[in-house]
Every structure is written in structure tokens, then in C-alpha cells.
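Colleague: Before we discuss this model, I would like to see how each descriptive word is earned. Could you take me from the values to the terms, one at a time?

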Amino acid sequence: MESLFIAAPYTGYVYPNETVFPWSVLIVVYPYLTGLVAGAFTVSSLYQVFGFERLRPVAHFALLSSLCLMIFVPTPLLLHLGHAERAFNALLTPHLTSAMAMFGYISAFYVLLLMLENWFVFRPYIVEQAQKRRGLPGLVYRVASLGSNDVSEKAMRYDRKWIFALAVIGIPAAHGLHGYVGFVFGSLKSREWWSSDLMPVIFLFSAIISGTALLIVLYVVSCWLRKVRIDLACLKGMGYAMWGFMMFALVLEGVEFGALVYRGREGIDVIMEFVAGPLIVPFFILQFAVGAVTPILMLSYLFWRGTGGTPLAVGIVVSAVLVMFSVLMMRYNVVIGGQEIAKTGKGLLTFQFEFFGRDGILAAASVLVAPLILLSVVVRFLPPWHDPVAP
Amino acid sequence: MKKEDPVEPRSGRRSFMGLLGAAVGSAGIAVAAETVSHEAVAASAAGEPRSVAKPKIPGYDWSEHQWAFGVDATKCIGCLRCVEACKTENDVAGDAHHFRTWVERYVTLEGEDKARIDSQADPVNIAASGSEKEYRFANRYKDAKVEKAFFVPKLCNHCTHPACVQVCPTGATFKTADGVVLIDHTYCIGCQYCVQACPYGARFFNAEKQVTDKCTWCYHRITKGLLPACVEVCPTSARVFGDRNDKESPISLFIKENRVQVLRRETGNAPNVFYVGIDKEVV
């Protein structure tokens, strides 16, 4: 019979029960997805609420991306649960002291908010299609219009008020959702690696940069697929946002790590052993050097030199890919790294990757790709593009 | 062999559901439901019984007891009969990675200033027993000069402020009125947040049932007037169990007559397993 668990090798002393990791790569993907949601929503809000006009080409696309990603946020959790069929217990009989119990409510609220805002944003298009199309597509659009066919200037003014209000409410909702994810880790006193007041803030900033980076990549890919010109002002605007928020994220992570080392509480010896050994490749090389320092330097150079045209686009896209990778590694180093440092404070474990299986890399990768497939379908029904007019 | 805990803890949830049903369309009642829950939480945080109905156990009233556990590490000989008894009694997976109770060995060799620690998951000890279903401490220090050595039995601390109960999203794990932390295996969703939250490594995932598992102080035995299996089989009385409400019980006398300490006080969990004879290095 296939073994029901994988025992991790270790050094030093770890509690016997610790040799089986409770959380696997699916729980790495979960905060990553919620982060992308929050980040994409931030880009949309920068246009809808704060009036960043240059982001207009991606504003609706960002909103739609946020919804498609959000729909899949519960999937890594459900896949991970021993009894996914009981998941609703957390909603029906929530335990009010549990950060996790609140997740269902916060995310359900946020999904509703996203659906509503998307509906208002795409209503003129839905109404137009409902009147124009026949057959099944026409029926789908007529149902989607919810019988609200008024697209007069007065109705549009009313819609814009709703969009603004929802976008405003969405800012604390999206960031609350992701701050809460940081709290899930930061509030645990059992693990020194997680236990930090800064954790929710660090999660938030890394979320914003990862969502912005995703939009940069998706926008450029979509332009390439649709054979339309990239709006460089918009792309550069997103590049600026990513670059700026990255500074905050890096400083916060530095401050947190500095404080952890400076406090030097019990178990710090093992943490330093971890940092100087197993963490060198996943953190210092991949997350920090490749994923953070390289794009910061690259973007700084591009902005300083005033580079334009294709080199700028390529530079920003490459930076965005690196940033997305860096944030994924950050999630990995928090979730898996935290469990690699034993609760005894006297030992280190080594996580064992599994490829197939419920908690494996294949499942996690599928969860990451699924929202993109959904998005590629949804944009055909609700085109979010605002392309500049060709010269 | 008793597999399930004889407690029916869901009446609290049923009352919650009742309140929820009554609250449909009535925000006022919804607020009241929340108030009730907050009171329950506050009571739980204070170590008082939550709004959980008494279990239907013949001849047992959980409001009359306050169970606690004692470990005299100076008496433990590391025979691991407790570990094997627990595995058998509670149907715990027969391997070296899932334990409701385990024993740690601390050995300081001459010239060294830190103890070497090992336990049942140590590959050398697994090799010594020849099987992951049997447990032995390998005689690995027979040629070394040992300065100090002792064993420390470990188990769930059934804390007064259990971090595991705090984080459970469904309330499947809960604190009983008689001071025991239990898990309702029919309600647990298997998220393992409690496994993460426990600072003592006392919880594990029961891969067969796909739920979290841990020591119950053999609740099915103690509610019938029996001792937990590990206490029953300990040949040196290193493990002590009893009712703190009874001033003459073994645990009350153990706490009264010894200078006891608990593990990881700084977590604020307020454990209810009291130790005698442990060293500063004990984790």
C-alpha cells in the first residue's frame, strides 16, 4: 500500500510529530493567489478611485482578472483539507476566535463585491450584446443583464457612482483579505519564523507587487495575441507602481528579519543556521537576488535612462516575470521555510516535494494555471480592452 | 479498545444553529447570537466551561472533576511501555512519526555543554527496535562518558488557554468542563491549523481518518474511573494522573509536595501537565 505520509529528514532535535509537514505547496499557492487578487484590484482601483488615467487600458482587465483569480482562491484550501466536504462547517458554525473561520465570510463578501463591480463595469456591453445577439449567446447576455437594459446617460451616471463606491469599499476588502492571510501566519506563537506583527503588512505589499506584475505580463501577452499596439504609458505606469511598492516590501522584509535577529530570542541559533544554509538558494539567490534586486536595478536603469519603445516593454515584462517569481518564492520561504525550522528550536527539517498526489506540485501548478484559463475564456464574452486608437 | 471519544460536543453548535435559524431576517437576533458566542469564548479563555452540554456518560458528571497530569522525570527509565500502551489503546498509527505520547532522552556528555536529544523518530532508535511499530532507545552512548542523562515523557498539555482550540475554524477541537482538550473527529475538517498552532508538537494528522489527532488523557477511560493507559502501565510511577478537585488525589499531592514546572510558560497557554526533575534544556 502506498504510504499515507512523507516523513521529512531532519538534523538536531525535532518533535516526532513534526517530521510530517502539516502544510504543503498548496498552502504556498493559496496566499500567492490571494495576493494576485489584491494586487490586480489595486491596479484597477488606482484608475477607478484615484484617477490614474494612464492605467485606463488595463483597469477593466484588472478587475476581471481579480474576479477570475478570486474564484479559484478557495481551491488550494479545499484540496488541502482532509475533509473538504465539511468545509462549510467553518461557515455554518464558525469558531469566532479562529482567523481561518473568518476567511469564508471575508472571501464570500469580496467575491460578491467583485461580481457586482464587474457587472456594473460591463453592463453597457452586456446590454448591447443582449439586444444584438440571438440564440444561446444572446440568452446568456440577456440573463447576465438581469433585465436592466437602461443605458441612458442618467443610468450610466448612476452606474459610475456604484462603480466608484464598490471600488472604494473594495480597497479595504481586498487588502483586508490579504492582510488577514498574513495574520493567519503572523499570529501563531508556536513558530518564531512566522510570529511577527509585520507579517500582514509584508504580505500586503508583496501582494500588490505580484498583482501588478501579473497584469503587466497579461496585458503585454494579450496585446501580442490580439496584435494591438502596447500602450507604453500604461505599461510604464504599472512599472512605476511595481517599482515603488517593491521598495516598501523590501524595506519591510529587511526590518522584520533584522528585528528577528536583533531580538535573538531562544532558537535564534537554529534560525541563523537555517538562514546560512538551506535558505541561501531559495531566499538569497532566488527570492532576493534574482527576483527582487535584479528587477529593481533593471527598472531603475530603464526609468533613469528614459528608455522607450520595445526595450522598455521588454525590460518591464522581464522585471515583472522576475517579481512574480520572487513573490512566489517569498510565499514558499514563509510557508515551507517556517515549517522547516522545528518548534523545538533545536533542529531543522527538510521539506520533501511530492509531484503527483493531492498535495503535490502538479495540483498546485494546476490551481495556479486554472484562473488564467478561465480569464482567457471570460475575456471573449466580456472584452475589457481599451486600446489606444492606432495612429 | 475504544476508538471514539464518548463526548457529544455539538449541542453548543446546535444551539448556535438554532439561534442562526431564528435570526433569519432579523439582524437584532443575529447580534444576540454573536453576544452569546462571545460570552462562550470569554468563558473558554478564562478556563471556564463553555456552553457545551454535558456528555451522556453514565455515572459521570464532568462538572465534578478537574483533571491534571504529572510527570516525575527523575523516575522515568525510558522503557517506552507508555508509548506502546498509548498506541495500542488509542489505535495510533504504528510508525515513528505519529505519537499521542513520546519520550525524549537528554544526554550531556563529558566536555559538552549542550544536551544531545533524541526520541522515537530518530533513525538510530528506529534501527535499534528493528521496526517502526516497536520503540526502543538505542544504546548509543554505551562507550561515551555521560555526565548527565534523563528522560522526559511528553504528551498533550491540555492547556487552560489552548492555542489549538483558539485557531480551530469550526470548533471541532474544544476544551471540556473537566479540563481536557478533545477533538470531534466527525466535525474536524482536517485543515491542520491546530497542528501548526500547538507549540509542543503534540498534534498530528491522522492520515487514515484525515483528521487531526492527539492525546485525550484516555478520556474514554478516565470517565469510567480508570487511569490513562500510559499511567496504568508505567512501571516506575513516573506518570501521575488525577482530579485536582480531590485534594488527596495523586496529582493534587504531586503538585503540593513538589516544586513543579510547566513547559513553555511564555506562550501563555497555561499547560496542565506538571513536571518535576526537568532541566533547562528541555524543549
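Modeller: A crossing is called left-handed if the near helix is turned anticlockwise from the far one by less than a right angle. By that convention H9(A) passes H10(A) in a left-handed crossing. Please keep in mind that this is a predicted model, and that every value we discuss is computed from it.

Colleague: What makes H9(A) oblique to H10(A)?

Modeller: Helix H9 of chain A, residues 232–263, packs against helix H10 of chain A, residues 268–276, at an angle of about 135°, with the axes 9 Å apart. Roughly antiparallel would require an angle over 145 degrees, and roughly perpendicular covers 65 to 115, so an angle that falls in neither range, nor under 35 degrees, counts as oblique. H9(A) is therefore oblique to H10(A).

Colleague: Which residues make that contact, and how do they divide by class?

Modeller: H9(A) contributes A:Phe257, A:Leu260 and A:Val261, while H10(A) contributes A:Ile268, A:Ile271, A:Met272 and A:Val275. The class count is 7 nonpolar, with no polar and no charged residues.

Colleague: Why are H1(A) and H7(A) described as roughly antiparallel?

Modeller: The axes of helix H1 of chain A, residues 25–48, and of H7(A) come within 9 Å and cross at roughly 155°. Since angles over 145 degrees count as roughly antiparallel, the term applies to H1(A) and H7(A). The crossing of H1(A) past H7(A) is left-handed. Among the residues in contact are A:Tyr30, A:Thr34, A:Gly35 and A:Phe41 of H1(A), and A:Gly170, A:Ala174, A:His175 and A:His178 of H7(A). By class, this contact has 14 nonpolar and 8 polar residues, with no charged ones.

Colleague: How do you know that H11(A) and H12(A) are roughly antiparallel to each other?

Modeller: The argument rests on the axes of H11(A), residues 280–305, and H12(A), residues 309–340, which come within 8 Å and cross at roughly 155°. That angle is over 145 degrees, the limit beyond which the term is used, and H11(A) and H12(A) are therefore roughly antiparallel. H11(A) passes H12(A) in a left-handed crossing, and the residues of their contact divide into 19 nonpolar, 7 polar and no charged.

Colleague: What makes the phi of A:Leu146 worth a remark, and why does this residue count as exposed?

Modeller: Most residues other than glycine have a negative phi. A:Leu146 is not a glycine, yet its phi is positive, near 55°. A:Leu146 is found in the loop between helix H6 (135–144) and helix H7 (153–186) of chain A. Exposed means over 50% relative accessible area, and A:Leu146, at 63% relative accessibility, therefore counts as exposed.

Colleague: And B:Gln192, is it buried or exposed?

Modeller: B:Gln192 has a relative accessible area of 7%, and because buried means under 20%, B:Gln192 is buried. B:Gln192 too has a positive phi, of about 70°, although it is not a glycine, and its place is in the loop between strand E6 (181–183) and helix H6 (193–197) of chain B.

Colleague: Why is B:Asn258 called partly exposed?

Modeller: The relative accessible area of B:Asn258 is 29%, which lies between the limits of 20% and 50%, so the intermediate term applies. B:Asn258 sits in the loop between helix H9 (250–257) and strand E10 (273–276) of chain B. By contrast, B:Ala127 in helix H4 of chain B has a relative accessible area of 60%, which is over 50% and therefore makes B:Ala127 exposed.

Colleague: How do you know that A:Tyr13 is buried, and which residues does it touch?

Modeller: A:Tyr13 lies in strand E1 of chain A, residues 10–13, and its relative accessibility is 3%. That value is under 20%, the limit for the term, so A:Tyr13 counts as buried. Leaving aside residues up to four places away in sequence, A:Tyr13 touches residues of both chains, including A:Ala342, A:Thr344 and A:Lys346, as well as B:Trp102, B:Glu104 and B:Val283. The C-alpha atoms of A:Tyr13 and A:Lys343 are separated by 9.6 Å, although the two residues are 330 apart along the chain.

Colleague: How much of chain B counts as buried?

Modeller: Of the 283 residues of chain B, 58% count as buried. Chain B has 9 helices and 10 strands, and it exposes about 12200 Å², of which carbon and sulfur atoms supply 52%.

Methods:
Residues are numbered from 1 along each chain as its sequence is written. Chains are lettered from A and ligands numbered from 1 in the order in which they are written. This is a predicted model: local features need pLDDT of at least 70, side-chain atom pairs count only at pLDDT 80 or more; totals for chains, interfaces and linings use all residues. Side-chain values use heavy atoms; hydrogens and water are left out. Helices (H or I, at least four residues) and strands (E, at least two) are DSSP runs, numbered from the N terminus. Buried means under 20% relative accessible area, exposed over 50%, partly exposed in between (1.4 Å probe, protein chains only). Accessible areas come from the Shrake-Rupley method with a 1.4 Å probe; for residues, only the protein chains shown count as cover. Axes are lines fitted to C-alpha atoms, for helices over the stretch in contact, and angles run from 0 to 180 degrees between N-to-C directions. Ala, Val, Leu, Ile, Met, Phe, Trp, Tyr, Cys and Pro count as nonpolar, Asp, Glu, Lys and Arg as charged, and the others, Gly among them, as polar. Contact means heavy atoms within 4.5 Å.
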